[in-house]
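Me: Please take a close look at one part of this structure, beginning with a single residue and its surroundings. I should then like to see how that part is set within the rest of the protein.

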Amino acid sequence: MGTRPWLAAVFLLPALVLLGALVVYPIGYSVYRSFFDASGNGFVGLDNYQEMFSDDATKTAIKNNIIWLILAPTVSTALGLIFAVLTERVRWATAFKLVVFMPMAISMLAAGIIFRLVYEQDPDKGVANAMWVSVHDSFSESPPFPGAHPRPTAGLTEASGGSFTTRDTVRAGTPASLPLVAAKRGDISGAQDAKAAKAEPGKVTGTVWFDFTRGGGGEQGAIDKGEKAMAGLKIEAVKDGKVVARTTSAADGTYTLPAKAEGAQLRLPAWNFAQPYNGVDWLGPSIVTPAIIGAYVWIWAGFAMVLIAAGLAGVPRELMEAARMDGATEWQVFRRITVPMLAPVLSVVVVTLMINVMKIFDLVYIIAPGPSQDDANVLALQLFQSSFGTDVNQGLGSAIAVLLLLLVLPIMFINIRRIRRESRR
């Protein structure tokens with residue numbers, strides 16, 4: 001039966017019309033528009049391209065796109081490979097794969113909103129900092145009274161680092177009171193009532209307390225009824241700039257220093273009043289891009305895992321068993337057999353993710369806060385801002401679109417060549 005090219009053309013015509021209207025024409029018009037100014041009336045030649053490469057925002061976007069291109073596909077594929085290999089050895093592999101793949105069902109918009117909350121700076125709101133602060137506080141002691149300080153008339157002077165030192169030296173047998181104010185209610189709630197320290201021969205004693213009486217009244221510098229002790233404060237005795245003794249206030253606010261503290265000045269280190277560790281500024285200018293890449297990996301690692309697991313199912317088990325019988329370790333089996341056999345699948349995953357990463361826009365737009373958005377900028381976002389932002393210049397936006405197309409084309413050609421090479425086998 002003879003071929004009928006016209007019949008094939010009839011069936012292909014609707015697809016070709018859609019392809020031309022939705023792909024070919026926009027590409028052609030973008031190239032054409034990139035040679036005109038913001039109004040679209042004045043021909044400017046290559047000026048838009050020159051402006052694009054001299055603009056700091058576009059330079060930042062190109063740099064970030066390179067970071068995305070290297071990190072996101074690599075980490076996603078590596079995690080997908082690890083998950084696919086490890087889940088072969090557990091009974092609940094299906095449930096695990098379902099959980100890992102589940103983020104793929106979430107839109108980029110929803111994922112961006114989720115991770116904007118995850119990266120919230122306040123540990124009481126942001127999950128990332130809540131975990132980070134919990135780990136940090138497990139190995140590091142937290143300041144007892146952030147923001148507290150002595151009254152101006154309490155006889156203590158503030159150093160540049162935030163510590164407070166008594167103006168006068170202390171004597172053994174004479175209690176030295178250290179009244180403080182401005183402690184947070186939560187830090188003193190449940191504290192014991194302050195207790196006046198007793199004089200002890202040969203020792204320096206005293207009391208640290210919250211010198212404030214609820215409802216007003218009371219005498220400044222004196223321990224009034226109901227005033228709370230400030231336990232856990234570190235106190236140092238300093239002579240000639242050197243610390244000769246240290247102690248910590250007890251639950252009732254009292255403290256005791258040995259005889260060698262006599263004639264020294266008492267210092268309350270700045271640590272006592274420092275703000276508690278508040279975690280990492282995930283969305284700050286320095287690490288906002290890696291933080292957003294983390295959100296991308298959370299979504300796409302499941303995609304990589306599913307494809308790699310499908311490829312892993314086709315790897316001949318006889319090769320692995322033969323290698324094990326010959327004395328190969330699990331790491332050698334993985335490196336010398338599993339990975340080489342999965343090379344075609346891994347290349348598919350990497351190339352697919354690279355193409356996807358070049359178009360990344362929504363995660364950056366949603367997660368990065370206003371002050372950090374310029375630092376997290378990528379080409380697709382810069383295209384949007386140039387074409388539809390406050391300073392609209394669709395000529396420049398079209399030039400960025402052409403650049404983005406040129407960057408994607410090599411990856412597409414690599415993918416096409418790979419597909420053709422596999423189809424010949």
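Reply: In this predicted model, glutamate 236 has a relative accessible area of 12%, which is under the 20% limit, and therefore counts as buried. Glutamate 236 belongs to strand E6, which covers residues 234-239. Leaving out residues up to four places away in sequence, Glu236 touches Val243, Ala245, Arg246, Gln265, Leu266, Arg267 and Pro269.

Several of these partners lead on to other parts of the same region. Strand E7 covers residues 242-248, and Val243, Ala245 and Arg246 are among the residues that Glu236 contacts. Strand E9 runs over 265-268, and Gln265, Leu266 and Arg267 also touch Glu236.

Gln265, Leu266 and Arg267 are likewise in contact with threonine 165, as are Gly155, Leu156 and Thr157, when neighbours within four places in sequence are set aside. Threonine 165 is placed in strand E3, residues 164-166. With a relative accessibility of 16%, Thr165 counts as buried.

Alanine 261 adds a further view of this part. Its place is the loop between strand E8 (254-257) and strand E9 (265-268). The relative accessibility of Ala261 is 0%, so this loop residue counts as buried. Beyond four places in sequence, Ala261 touches Val170, Val204, Ala237, Lys239, Val244 and Ala245. Ala245 is thus a contact of Ala261 and also a contact of Glu236. Alanine 154 lies 107 residues from Ala261 in sequence, and their C-alpha atoms are 20 Å apart in space.

The loop between E6 and strand E7 (242-248) holds aspartate 240. At 83% relative accessibility, Asp240 counts as exposed, whereas Glu236 is buried. The phi of Asp240 is near 55°, a positive value in a residue other than glycine. Most residues other than glycine have a negative phi. Alanine 182 also has a positive phi, near 70°. This alanine is found in the loop between strand E4 (176-181) and helix H7 (185-188). Its relative accessible area is 38%, so Ala182 is classed as partly exposed.

The nonpolar cores provide the wider setting. The largest nonpolar core comprises 50 residues, and those with the most contacts inside it are Trp68, Tyr119, Ile292, Tyr296, Ile308, Leu363 and Ile367. Two or more residues each come from H3, helix H5 (108-118), helix H8 (288-313), helix H9 (317-325), helix H10 (330-341), helix H11 (343-358) and helix H12 (362-367). The most is given by H8, with 16 residues. Isoleucine 308 touches Thr77, Gly80, Leu81, Ala84, Leu342, Val345, Leu346 and Val349, again without residues up to four places away in sequence. A second, separate core has 25 residues, including Leu156, Val170, Leu233 and Leu266. Members of this second core recur among the contacts described above: Leu266 touches Glu236, Leu156 and Leu266 touch Thr165, and Val170 touches Ala261.

Two helix pairs may be set beside this region. The axes of H10 and H11 come within 4 Å and cross at roughly 60°. The two helices are therefore oblique to each other. Val339, Pro340 and Met341 of H10 make this contact with Ala343, Pro344 and Leu346 of H11. By class, the H10 and H11 contact has 6 nonpolar residues, no polar and no charged ones. Leu346 of H11 is also among the residues that Ile308 touches.

For helix H2 (residues 47-54) and helix H3 (residues 56-86), the axes come within 5 Å and cross at roughly 70°. That angle makes H2 roughly perpendicular to H3. The contact involves Met52, Phe53 and Ser54 of H2 together with Asp56, Thr58, Lys59 and Ile62 of H3. Its residues comprise 3 nonpolar, 2 polar and 2 charged by class.

The protein as a whole has 15 helices and 9 strands. Its radius of gyration is 34 Å, well over the 22 Å that the globule rule gives for 425 residues, so the protein is more spread out than a compact globule. The C-alpha trace spans about 115 × 75 × 40 Å along its principal axes. Of the 425 residues, 38% are buried. Among contacts between residues at least 6 apart in sequence, 70% join residues at least 24 apart.

Key
Residues numbered from 1 in each chain as written. Predicted model: local features only at pLDDT ≥ 70, side-chain atom pairs only at ≥ 80, totals over all residues. Heavy atoms only, no water. Axes fitted to C-alpha atoms, helices over the stretch in contact; angles between N-to-C directions. Parallel < 35°, antiparallel > 145°, perpendicular 65-115°, else oblique. Contact = heavy atoms within 4.5 Å. Nonpolar A, V, L, I, M, F, W, Y, C, P; charged D, E, K, R; others polar. Core = buried A, V, L, I, M, F, W, Y, C linked by side-chain atoms within 4.5 Å. Buried < 20%, exposed > 50% of the residue type's maximum accessible area, 1.4 Å probe, protein only. Rg over C-alpha atoms; globule rule 2.2 N^0.38 Å.
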